[in-house]
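Biologist: Please take a close look at one part of this model for me, the nonpolar patch on the surface. Tell me what surrounds the topic too.

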Amino acid sequence: MWNRDAQNNIIFLIIISHVVMTIRLKNQFVSYDDYIFDFSYVSKGMSGIILAIFQHFGSLGNTIFFVCSSWFLLEKDTVSKNKWIKMFLEIWTISCAILLLMLIYTGGRINNKLIIKSLLPNFFTNNWYVTAYLIFYPLHTVLNRIIKDLNQKNLLKITTVLFLLYCVCNSLYDSFFSSVIIMWITLYFFIAYIKIYMIELCNNIKVNSIVLIIGISIIVFLIVFTYIAGRNNKFFANKMLFWNKNCNPVFWVIAVTSFNIFRKIKIKSSFINNISKYSLLIYIIHENILLRNYIRPYILHLIYNILGYKYIIVWVVLLSIVIFAFSLLIGIIYRVLFGKIIEKLAGKMIVLIDKIYKKYEKTMYKIK
C-alpha cells in the first residue's frame, strides 16, 4: 500500500514550491511588490539555485501524486460517482467559504475577476491539478479497456510514441498540441506498461533506490549546469526554471522510483494516516486563488521588510510549515462542520443526475 507518510511529504514539497513561486512572480492584485525575488536569473547566486530547486518540487510532487493515482486506477473498472461529486463539492464549498470570509475581512474590496473565479473554481481551473483530475478520472475506465485489449507489443508502441512526443519533446519545447490531459494519458500508459510487464523491477527496492539517486542527481546537475552556463552566456541567463515542467522525463523516473520504494515501506501510525486523509483539502486551501493573491503576498511583504533576503531560505521553509499546519487545521474544521452535509448532498446529487441522464438517454434513443 502507498505509504501515507509519503503523501504528507509530497504535499509539503508542493507548498514550498507555491511559496517560492509567489516570491518570484509579480502580483497584479496587490499594490506592493518589494518582496519579489526573481530567481529565474542566474544573478541571484546560491540562494537563487536553492529556490530554483524548491520551485521544481511542485512539478515533481504533482507527478508523484498522479503516478500514485494511476497505479491504483489501473485496477478499477468503474467510476465512483460519490467520489467525483464529493470532490467537486469540496472544491466549490471551500472556495465560496474563503470568498465570504475575505469579503468580510476586506470590506468587499476584492477584484471582481477573482470573485467570479471563486464562485466557479472548477470552471476557471483555480487549482489546475484537481480540475484536471476531475476531467481525467471518468476517462480512466475507457483507457483501462483500451489497455486490456492491447498486447505487450502494441502497448509498448503506443507508450513509446506518446512518451517521445509529449514527454521528451515537450520537455525541450512546447509542441505537438499538448495539454495536461494528453500528458496524463501518456503517463497513464507509461505506468500501465511498467505495472503489467515490469512488475519485478518495480518491486526491486535496490534498483529503484539506485535509479532514484541517479534521477535526483541529474535534475540537480541540470539546474547547476544552467546556472554555470548562464554566467557565461546571456541565452541561459534567465533559464534557471527551464527544467521545471510536469512533462520532464527525469521527474517521471524520480516519481515512479520513489513511489515504488514508498509502496514497499509500511509505517503503522494512526496520526499519519489521519493527516494524509486531508491531503486534498490542504492542497485546495493553501492554494486558494484569494489566499495566494492577497494573503500570501502580504505575508511575504511583511517578512521581507523585517528580515530581508538574508535568511530567505530559512523563512521560506518555516512559512511553508506554517501554511501546511494552517491548511490542515482549516481542513479538519471543515470536515467536522461540513463533512456529513457534503456527503448527504453528494448522495442527493447522484440521484438527481442519474434521473436527468436516464431521461436524456431515452430521448436520444428515440431520435432516428
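Modeller: Let's start on helix H14, residues 312–366, where you'll find leucine 337 (helices are DSSP runs of H or I, at least four residues, numbered from the N terminus). Keep in mind that this is a predicted model, with local features needing pLDDT of at least 70 and side-chain atom pairs pLDDT 80 or more, while totals for chains, interfaces and linings use all residues. Numbering runs from 1 along each chain as its sequence is written, and side-chain values use heavy atoms, leaving out hydrogens and water.

Leucine 337 counts as exposed because its relative accessibility is 53% (exposed is over 50%, buried under 20%, partly exposed in between, with a 1.4 Å probe and protein chains only). Leu337 shares a nonpolar surface patch with Phe326, Leu329, Ile330, Ile332, Ile333, Val336, Phe338 and Ile341, and together they have about 820 Å² of accessible area. Patch members have over 30% relative accessible area and no salt bridge (a Lys or Arg side-chain nitrogen within 4 Å of an Asp or Glu carboxyl oxygen), with nonpolar side chains (Val, Leu, Ile, Met, Phe, Trp, Tyr) joined within 5 Å and like charges within 9 Å. Areas are Shrake-Rupley values with a 1.4 Å probe, and for residues only the protein chains shown count as cover.

From the patch's Ile333, aspartate 174 is 42 Å away between C-alpha atoms, and 159 residues along the chain. Aspartate 174 sits in the loop between helices H6 (152–172) and H7 (180–197), and its relative accessible area of 62% is why it counts as exposed.

For contrast, try asparagine 62 in helix H2, residues 45–73: its 8% relative accessibility is why it counts as buried.

Note on methods
Helices (H or I, at least four residues) and strands (E, at least two) are DSSP runs, numbered from the N terminus.
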